[in-house]
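Here is a short note to read beside the model. Please keep the structure open while going through the points.

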Amino acid sequence: MTETETLAIEWHCEKLCRLFANYGDQHDFKALCALFAEDGSLYRPSVPEVEIKGRETIYQAFLKRPPLLIRHLASNCVIEVVSATEATGFSLLSFLAAPQSDAPLPLLAGPLQIGEFSDRYVKTAEGWKFQERKGRMTLKTG
């Protein structure tokens, strides 16, 4: 693989991390689930021992999430290219959440929480996707 090919894979996989955060914040769960391979798995940071497998199952799990105003910051994303069709990665996810409200600006958010993801990526006919996204919580203020 050339350096350009390696950099392209890293970029595509890093973008998946950012899109995951953005789509979750926008409640665009269909788009979020499309980031996964058809048989991909998600382990949420809040319940890291529970595997949610398959796009439709992941979608149904997100529909059960309580209505929140939430903002995620994806950072420290490092991708390791394994081959032309596989990669692994690690990233941090910081977030604040508040109950959904009609107020122009929420007055009270919960504590700042920080989690991390260990990811496996795969190149599919649709492009690069999460094959497995394993999260866990690491820090919480308050």
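1. Helices (H or I, at least four residues) and strands (E, at least two) are DSSP runs, numbered from the N terminus. Residues are numbered from 1 along each chain as its sequence is written, and side-chain values use heavy atoms, with hydrogens and water left out. This is a predicted model: local features need pLDDT of at least 70, side-chain atom pairs count only at pLDDT 80 or more, and totals for chains, interfaces and linings use all residues.

2. Start with asparagine 76. Its place is strand 3 (residues 68-81). Its phi is near 55°, a positive value in a residue other than glycine. Most residues other than glycine have a negative phi. Asparagine 76 is exposed, at a relative accessible area of 51%. Here exposed means over 50% relative accessible area, buried under 20%, and partly exposed in between (1.4 Å probe, protein chains only).

3. Histidine 27 also deserves a look. It is not a glycine, yet its phi is positive, about 60°. It belongs to the loop between helix 1 and helix 2 (29-33). Histidine 27 is partly exposed, with 33% relative accessible area.

4. Now the rings. How many aromatic pairs does the structure hold? There are seven. Rings of Phe, Tyr and Trp (its six-membered ring) pair if their centres lie within 6.5 Å; planes under 30 degrees apart count as stacked, over 60 as edge-to-face and the rest as tilted. Phenylalanine 20 and phenylalanine 117 have ring centres 5.6 Å apart and planes at 75°, so they pair edge-to-face. This pair links distant parts of the chain: phenylalanine 20 is in helix 1 (residues 3-25) and phenylalanine 117 in strand 5 (residues 113-124), 97 residues apart. Both phenylalanines, 20 and 117, are buried.

5. One aromatic cluster takes in Phe20, Phe29, Phe36, Phe62, Phe117, Tyr121 and Phe130. Arginine 44 lies over the face of a cluster member, phenylalanine 62, at 4.6 Å from the ring centre. Lysine 30 has its charged end over the ring of tyrosine 59, 4.1 Å from the centre. A charge sits over a ring if NZ of Lys or CZ of Arg is within 6 Å of the ring centre and within 35 degrees of the ring normal.

6. Is arginine 133 buried or exposed? Arginine 133 is buried, with a relative accessible area of 1%. It lies in strand 6 (residues 127-140). Neighbours within four places in sequence aside, its contacts (heavy atoms within 4.5 Å) include Phe20, Phe36 and Phe117. Those three belong to the aromatic cluster. Cys17, Tyr43 and Asp119 are also among the contacts of arginine 133.
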